[in-house]
Amino acid sequence: MSQFVRLLSLAALCAATAVQADPARFDLTGPKVDIRVTRGSRTLPIAQVANLQPGDRLWLRPELPESQSVHLLLIAAFLRGTTNPPPDEWFTKIESWNKKVKEEGVFVTVPKDAQQALLFLAPETGGDFGTLKSAVRGRPGIFVRASQDLTELGFEQARIERYLAGMRQIPATNDAKLLSDRSEALARTLALKPNSDCFNQPAEQQIVCLTQSGNQTLLDDGHGASIVTELANNGGADLAGAAASTAPFGGGAYSAYVGAVVDLTKLLTNMHTAQYQYIPAVAFPDTDHFNLRLNAAPSFHNPKSVIVIALPGIQPTKLPPLQPGNPKEVTCLLKPEVVLHLQNAPLVFSTGIAHDLVLHVNTPEGKDIPLVADASKGGLVLTSAAEDSRRSMTADDTSIASKPASSAGGGLTGTVHGQWGFDSFDGPTLPLQNEPGKDWKLTSEDGVIVGREHAFTLASTGIGCVEKVEVVSGPKKINADFHPGEQSHQLIAKAMLKDVNPGDLRVELEQYGDQQPQQVETKAYNEAAKLTSFKLHAGDTAGVLEGNSLDQVQSVELNGATFTPSGEPGSILNLSLSKDAPVLKVKPGETATAHAHLKDGRTVDVQASILEARPTVTLVNRHITAPNGGVPSIRLSNKDDLPLSDKLTFFLKANGAFPRSQKIEVATKDGSLKTMLSFDDGTLVLQDASTAIANLDPSKALGASGFGKLQFRAVGADGSQGDWQPLATLVRAPMLKEIRCPVDDTKPCHLIGSNLYLLKAVAATSKFDNAKDVPPGFGDSQLEVPRPYGTVLFVKLLDDPESVNAVALPVTPEF
């Protein structure tokens, strides 16, 4: 079942009474109904009830002010699907003004075979009870759909309300990390996705953005949706979610454009009589109070308003699928505040359905530590009432204290237990640790290399109580990020050793419950450079060094000439001759030994190879030919522009004879499109011994999507490559047919043609004032343009947006 998209505005919540409700906003405070549910011998307030079952006894009491002047009738109704109208006895009439009802309430029993439960609040009129029964029995499917939609909407609104409440608890601060951490914890436990753009704003503006921004969406939660799925009995209820956009100061706009709520409102609006119209209410349970919010003001004139309220579904219990956020995380019981980071069941954190939660420590004594769900902390928190129990467990209980500190591999564990409505449930079993880890040691096989990030693999008797890890080099201390490793009792700590010098190094670990940090000694090294070759083309003043750890190279010496790095090292390093270097006398095919001088003073020898001189050519001239010798409708003003549909002929001069084995490579600047011209396929033709004519058909060689800067270079028979040289700017142009202009010169004209999306903008003058931009994704065959002066318009192409080009077209009048 699809989820809704939700947005909330903090300012809007503060202005709830100032804005008129619309069909999608539940911003009006409605009446309250007190509800308790009894199943067997147990009674729970409605806020703790996950579902109803046949035989449950509902205690209902409308909570209305003493000054209530209109008699409101409360009707409890049970449904049994979309095609099976309920019997008359499934409707219970409750007169809220009755003194006994006010004092004692009314008990209603969930009948056998019931599938949904609704409450109706309606003004007292003649025949009110019969009219409402007739409406429900006549079209039960409408009210089944209303029950499903309102149930899911209530779950989602509870999650969003809890997120905003958690963010509002943050004191005024400029600490961006605090805001980010709180938002992340809330979002993870409530299955929300806050607006990530908020964290790009100044810290003092982030909290306003997070509670007022228009891009906060819900994710699938795996539990709330499954409850509603069961509620629908796989009946195909399609709760379509639509993007929401909360207007600032919008007045309690929980969802400005929620498709399902709009559908629901229309559905109930169509279901009205001369006496009644139906309006939905979203319930916010608090203990035994059913607090209602409405999206329309009730009317007490005909047609009078009937408030429709959904009760929990009548269905089997769907237990919360709580899961650990990180299965490898070990919970340390020595922390000042212990949080079990659990997720995948946001209703645990946004409603009161989960109650009496405990962490059962799996020891022979089996202590239970009370827990409370706290979305702001990102999980279940050991409550202050549990402190004595926890201290007893970690200090006085020798049977537990004697256990080794555990990690993900085994040892001490605890299982989450609790109540989900009337049913008990078992959550995940989590690894626990009750003493600091001991016997820390490094298990990494790789040496520590300075200048880069290094992952230290450490092992201990327990890793869950580590609070901080630092790498210490002399006076320098570097914070390390750490997380559990693949193996039990294993910790991975990553630190950037960019400014660390080779030599002695140690890793320091601070742990909860340990007064002194644990220290692990090691050493850091420079990785020895491994050089494989130095290649140089005859006649060049630059060469290429290949190998590993090339950042250590300071210079390379060959035959008395010194080459120094001229670029950032990677798998290769480009080196250029020093300005004062002597002339390098080498011949193609020679090999020699070059000496690479490293920054730490070491020298490494590497074999140098002298390659054949790279091929060189010079662009002499070029000529652009339109298809079939025609004249293009767009006169390109930039002489470097080459239309994709045209052909380019360019003349190249070689330094000496032009080798017949030589090729010319043409490619876009980014290298994504390329083609090779050669004598074999006729795209290269000799004019004389040293001059070649190159013929390029761009659309054929580069495809219909070719555009951008073109460059060319010579490629020798051995694969050696010359330097890239600019050739042209490849542009795509639309096919323009005519300009149609209304006789009324106050109306705009239209440019007729195909592929108009290749235009960037159109103007009536070359100065390009009052230009008409072509919107992205434009696919029409006519474009509204300014009225031309004569028959000429001026356009900018998408592929060359800087150049202004003239277009001469016939102008056709329109009457």
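## Cavity linings

Glu 329, Thr 331, Cys 332, Lys 335, Val 339 and His 341 line the second largest cavity of this predicted model. The volume of this second largest cavity is about 30 Å³. Sorted by class, its lining comprises 2 nonpolar, 2 polar and 2 charged residues.

The structure as a whole was searched for cavities of 30 Å³ or more, and 3 were found. The largest cavity encloses about 70 Å³ of space. Its lining consists of Pro 324, Asn 326, Pro 327, Glu 329, Thr 331, Leu 340, His 341, Leu 342, Leu 430 and Pro 431. In this lining, 6 residues are nonpolar, 3 are polar and 1 is charged. Glu 329, Thr 331 and His 341 appear in the lining of the largest cavity and also in that of the second largest cavity.

## A sheet of four strands

Elsewhere in the description, attention turns to a sheet. An open sheet is formed by 4 strands in the order S52-S49-S48-S55, and its pairing is mixed. Strand S52, covering residues 782-785, and strand S55 occupy the edges; each has a single partner strand, so one side of each is left without a neighbour in the sheet. From one strand to the next, the twist averages 30°.

## The antiparallel pairs

Strand S48 spans residues 735-742 and strand S49 spans residues 749-754. These two strands pair in the antiparallel sense, with 5 bridges between them. Within this pair, Ile 752 in S49 stands opposite Glu 738. The connection from S48 to S49 is a hairpin of 6 residues.

Strand S49 is also joined to S52, by 4 bridges, and these two strands run antiparallel. Here Cys 749 has Val 785 in S52 as its bridge partner.

## The parallel pair

Which strand is joined to S48 in the parallel sense? The partner is strand S55, made up of residues 811-814, and 4 bridges join the two. In this pairing, Pro 742 stands opposite Glu 814 in S55.

Taken together, the pairings account for the mixed character of the sheet in the following way: S48 pairs with S49 in the antiparallel sense, S49 runs antiparallel to S52, and S48 runs parallel to S55.

Definitions and conventions: Residues are numbered from 1 along each chain as its sequence is written. This is a predicted model: local features need pLDDT of at least 70, side-chain atom pairs count only at pLDDT 80 or more; totals for chains, interfaces and linings use all residues. Side-chain values use heavy atoms; hydrogens and water are left out. Two strands pair if DSSP finds at least two bridges between them. Axes are lines fitted to C-alpha atoms, for helices over the stretch in contact, and angles run from 0 to 180 degrees between N-to-C directions. On a 1 Å grid over the protein atoms alone, a cavity is a set of points where a 1.4 Å probe fits but cannot get out, and a pocket is an open set with protein on both sides within 12 Å along at least five of seven lines; lining residues have an atom within 4 Å of a point. Grid points are joined across faces, edges and corners, and a volume is the space filled by probe spheres set on the points. Ala, Val, Leu, Ile, Met, Phe, Trp, Tyr, Cys and Pro count as nonpolar, Asp, Glu, Lys and Arg as charged, and the others, Gly among them, as polar.
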